[in-house]
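Could you walk me through this structure in the viewer, one selection at a time? I would like to know what to pick next and what to look for there.

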Amino acid sequence: MPQLVFLTVFFAALLALGGCSSEPEPGPEPQKTYRHSMDGTPTGLDPAHASNVYAGFLVVNLFDTLYRYRYLARPYEITENLAAGPPVVSADGLTYTITLKQGVRFQHDPAFDQGVGREVSAEDLVYSLKRHFDPEVRSRGSWLWRDRIQGMAEWQAQGSDYDQPVTGLRALDRYTVEVRLTRPFPQFVYTLTTAHSALVPREVVEARGREFGTAPVGSGPFRLISMDTTRAELERNPEYRREKIDLAAEGFDPLRHAGLGLESVDGREMPLVDRAVVDFVVDGASGWVSFTAGNEIQYVRLPPDLFDQALASRSPPRLKPDLEQQYHLHVTPEFGVTQIVFNLDDPGIGYQPDPEANLRNRDLRCALRKAFDWDQRNQVFYGGIAQIYPGVIPPAVPEFDPDADRSSVTHDPEGARQILQRLGSAENLPVLEYTYNSGVAQQRGFEQFRGQMSAVGYPDDKITRRVFATFPDVSRAASNRELQIWVYGWTMDYPDAENVLALFYGPNRAPGNNVTNYANPEYDRLFEQAAAMQPSPERTAIYRQLNQMLIDDCVSIAGVTRVRAYLTHRDVIGVPDRELVGGYFLRFVDVVETP
Amino acid sequence: MMWQRWWERVRQDPVTLAALVLIMLFFGVACGSWLGLIGGGWSDTSSLLRGGFSAEHWFGTNAIGQDIFQRAVFGTGVAFQVGVSVALGATLLGAVFGSLAGYFHQRAGDGLIGWLMGVIESIPFYLLVAALAFAMQGHNLAMYLAMTLAFWTTTARLVRAETIRLRQMPFVEAARTLGVGQSAILSRHILPNTSHLLLIQFTITFVGAVKAEVVLSFLGLGIQDGVSWGLMIAESTSDLLAGHFSNFLVASISLFLLVMALNLLADAMQDALDPRFSHPADPGPAEPSPAEPSHGT
Amino acid sequence: MNTSGLVRHGLLQAVALVLGVTFLGFLLMVYFAPDLSYQLAGKNPTAEQIQQIRQQLGYDQPLPVRYLQYLQELATFDFGYSDSSGERVTALLARTLPVSAALLLPGFILGHILAMGLGAVAAYGRGRWTDRLIAVVSGTGMSISFIVVMIAFQLVFASSYGLNWFPARGWQWATPAQYLSHVAVPTLTILFVSSGYNTRFYRAVFVEQIGQDYVKAARAFGYSRTRTFFRVILPNSLLPVLTRVLYSVPAILVGGSLLLESYFGIPGVGKSTFDAITSGDQPVLKAVIALSSLALAVVMLSVDRLYRVVDPRLRG
């Protein structure tokens, strides 16, 4: 049987070739490595382009910002990072004076004089903020400061020459910056925690040109070794300023953080690990496989699909005993709000010149909201642990009203049916068009929406869909006011409800972020009034009033804040947070021998 | 005569017979789904999430409580819809362009069509489909159009070669001397004689389209309206980790059985109708299968 | 036609092909691509800002102008910087192409060797049980979806739910051991799926050869079966085999393996290209289209050449 011999030899050879590879060799690994994962990819490492959470995570580790959020304090609290102290604000709220820490140096780079990183100075902040208003840079963060800094618009109009001064943005001396605003903007200090505000060295940016985003140089606790479409590798910045962790100041609570071993990092110098590897794993199942493999990523989001498998209980969330022995569970609400929004520019469901028709459309929107079943949504998509609340002010901000009337988020099919009947026969109802981007979950979202609407008598054939290939396509169509009904998520930029209420401010209408094109002069007036106010009970009252206007006008079906469950291996000492603390978490994380 | 020979062979070959029966069975299910007799409740949700086998849900339910059996049935309809329409379109295009190119062999038309085929074949398949899907803004027909566009060239190449051969046959020469017009020669004398090729290619393209749909749906570029086996596989990756295999198995086994049966049928047709075909005189630059290149484009 | 005429004809064809591919690719992937300006404008843009970016990206130019500009870039092979990451496009290709090649080549080579062996066994045992067994196996391989194999193999070989022999995902190739462990599961997947098609192909090639008179003659002269295979059959099968192999090269080089790369998180050119298509990153797409058409033209020309070298009938 020569054939048989032939075959046997063949398979033996194949096995020999394939099988010799099972033992992953340790190799010359440097000392202490933490392996993080993210469920998306960064938009770029240039602070001016760091517009998603993934980019932000890396940018705040490679660069320095003036302020950051305390590691463990919740609700979120701001604290100094590169700034030496809180800003000094003038009585009219228009002038901010900020002092920088001394002796902070950029990472070494050939573009510096003799290749040695020079000291970070006030001029660097001035340069870094100016960059956002240079059209050549294509900043994605300029909206944070647009029309807010005196003289910036003029500077831009005169051709964005960096050697020309901006009246409202000056370095008073080597370590002091003065910012003058065009109008009060109490949230200004928050914008200085964002990745967009990070400080970049002018000479390196100019030497690299467009490639700065792939080879960034900053003064953050880490520096970049490599990055591609699937992962980024960072290593400790040996030049990083010697700062020690003050656990109490970071908001450590022995009760809330019991059993995590955090005490061991107190008083030690940041960052604690030598190397941080961040894998970009978009697919939840794939991430889970990698996480449970044991020697790969040490942090993963627990997909809601696996809650039944992994959780012993949901409130309070607890892991099953066998998993508990291997992993820590961290449950954090997302810092933002997700809603199903209506485009009020759409004549079918939005504004009508005729007051009566206008009211009919508002009633129709309210009927859709009553027909919508948040609990079912929560069960199917968010594992039943999401926060659902009336309007757009989420529980994570101080202005949230825990005692608000919940009728706008209560499933009321009977009420919906009554309104629809009052509006007349089914033929008179407009065709609804629900838009989503292609994907299994998104399609399920539509099917559920349609099911709930048809359950209250909305004709099935009048609930149509429009599918775009990707999410950016949906955003683009929203910017062009082409959509009717879709899911709109907003990640908040700072812990102040102003950030979400601005989504309904008239002058922000699309292509700005007021995608519903809500136009209510009374709302705009109150919003402007509140925007200039410092935090106070009076301001909170106005915020809640604004929220109630949105509910009364049925602008959207709102809202939900997803609560995400994350797991870390037990050898990781840290409390990861994807939200405002975000990348600032990395300097506090430690990896120990498995306890 | 050719068909009789084929039927004789099929009758004697139990494997092909079984394949044929299986295809008819799937086709019956697809018809049932089109007529709305079965599988109509594919999108209805129930409170039973990831349920196991039961009398009510034969193959259990998925993560949002939809009946897997009904979804598989609906997916069968979609598979046939995709397979038949793409195969029909690609075979038609291939027949027309292939016979034209062959008839005008070594003239400008041949060169032009050859160039067009070369151009289309040199863009990697999935990139072509993805680009088209985006260019058409996620339109429902984008996938059908893209697959048809990508698949017709293989058929055209075969038809072209056959036409070149037929053109020199005495009966074509005779027709020409009798003054029969070019279009009549093509449509009455040449194309009918390529019908066996077209049928085989139809089957092979059918297989290619069904398999490609799975990949495209997995990438989010496939079926937009409804459910398909590809979407079932795409949504099953998290089920697998939860130890719930039924979604994955039902979809991939259905896919496997249909594709296997069609492949067997194509083989049997090839053996019976076109024995020359199995000779690789000129394998050409085309991929072995239009849809799933051997090395995963 | 004399030799120089043939060469000129071949060159002409190659140029026509490059022009055709670049135009079709440009039209589909660049001209009709998603408009990136909305994404680049950030969270709360003004209409002017979007207009400005559209201008910078050249969306406001008419099609012929943009295509001509592209041809100019093609001539200098300078496509600028990625609109998404700011990376130089040539650097991006230099980084991703080797990864894709390293990912696919082991499966490609092993797949062909395996298929050649199986095809030879089947061809020699035509109609016997070995042939039937191999037919069943290759038929099965041809009928299983690539995705199903990929998902199943990851679960079986590279997860804690199965054997957990290899990394579940990712890519490292600093050391040979790292490389082997990361390439193992993708290679097995490729082998499983490609062997069916390739085995059939090789079987058909060898069956035809075995029937040839010179093969029979060699056997009659007392050549052993193995010797006939390696000395007579294999050299004479070179033409179809080389054609098949060569025409696969551009697809491997440029197309990469989108599915493997995205599922296993491997930074190859397939994933980069797909990302560029979904986001509308024009410079990257332009470069990829250019590269794939050039690779194909080179293959076409060399196949032409090879035919003449390998097949004496075409010489002269």
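The tour below goes from the chain interfaces to a sheet and then to two helix pairs. Please keep in mind that this is a predicted model.

**Stop 1: chain A against chain B**

Start by showing chains A and B together. Here 20 residues of chain A are in contact with 18 residues of chain B. To see where the chain A side comes from, select helix 7 (284–292), helix 8 (307–310), helix 13 (440–455) and strand 18 (463–468) of chain A, each of which supplies at least two residues. Which of them gives the most? Colour helix 13 of chain A, which contributes five residues to this side. If you then colour the side of chain A that touches chain B by class, you should find nine nonpolar, six polar and five charged residues.

**Stop 2: chain C against chain A**

Next, hide chain B and bring in chain C. In this interface, 58 residues of chain C are in contact with 52 residues of chain A. On the chain C side, select helix 2 (37–40), helix 3 (47–57), helix 5 (89–124), helix 8 (176–210) and helix 13 (269–279) of chain C, the elements that give two or more residues. Helix 8 of chain C has the largest share, with seven residues. By class, the side of chain C that touches chain A holds 25 nonpolar, 25 polar and eight charged residues.

**Stop 3: a sheet in chain A**

Now keep chain A alone and switch to cartoon view. Look for an open sheet of four strands in the order 1-10-9-8, with mixed pairing. Why is one side of strand 1 (33–38) and of strand 8 (222–227) of chain A left without a neighbour in the sheet? These strands stand at the edges and each has a single partner strand, so there is no neighbour on the other side. On average, neighbouring strands of this sheet are turned by 20° against each other, direction ignored.

Zoom in on strand 9 (residues 231–236) and strand 10 (residues 275–280) of chain A, which pair in the antiparallel sense over five bridges. To pick out one bridge, select A:Leu234 and its partner in strand 10 of chain A, A:Ala276. Then add helix 2 (residues 53–62) of chain A, which lies across strand 1, strand 8, strand 9 and strand 10 of chain A. This helix runs at about 130° to strand 8 of chain A.

**Stop 4: helices 9 and 10 of chain C**

Move over to chain C and select helix 9 (residues 213–220) and helix 10 (residues 225–236) of chain C. They pack at an angle of about 150°, with their axes 10 Å apart. The two helices are therefore roughly antiparallel to each other, and the crossing is right-handed. Show side chains for C:Tyr214, C:Val215, C:Ala218 and C:Arg219 of helix 9 of chain C, then for C:Thr228, C:Val232 and C:Ile233 of helix 10 of chain C, which make the contact. This contact has five nonpolar, one polar and one charged residues.

**Stop 5: helices 5 and 6 of chain C**

Finish with helix 5 and helix 6 (residues 129–143) of chain C, whose axes come within 7 Å and cross at roughly 140°. These helices are therefore oblique to each other, and helix 5 of chain C passes helix 6 of chain C in a left-handed crossing. The residues to select are C:Leu118, C:Val121 and C:Ala122 of helix 5 of chain C, together with C:Thr130, C:Asp131, C:Ile134 and C:Ala135 of helix 6 of chain C. They divide into five nonpolar, one polar and one charged.

Terms used:
Residues numbered from 1 in each chain as written. Chains lettered and ligands numbered in written order. Predicted model: local features only at pLDDT ≥ 70, side-chain atom pairs only at ≥ 80, totals over all residues. Contact = placed C-beta atoms within 7 Å. Nonpolar A, V, L, I, M, F, W, Y, C, P; charged D, E, K, R; others polar. Pairing = 2+ DSSP bridges. Axes fitted to C-alpha atoms, helices over the stretch in contact; angles between N-to-C directions. Parallel < 35°, antiparallel > 145°, perpendicular 65-115°, else oblique. Left-handed = near helix turned anticlockwise from the far one by under 90°.
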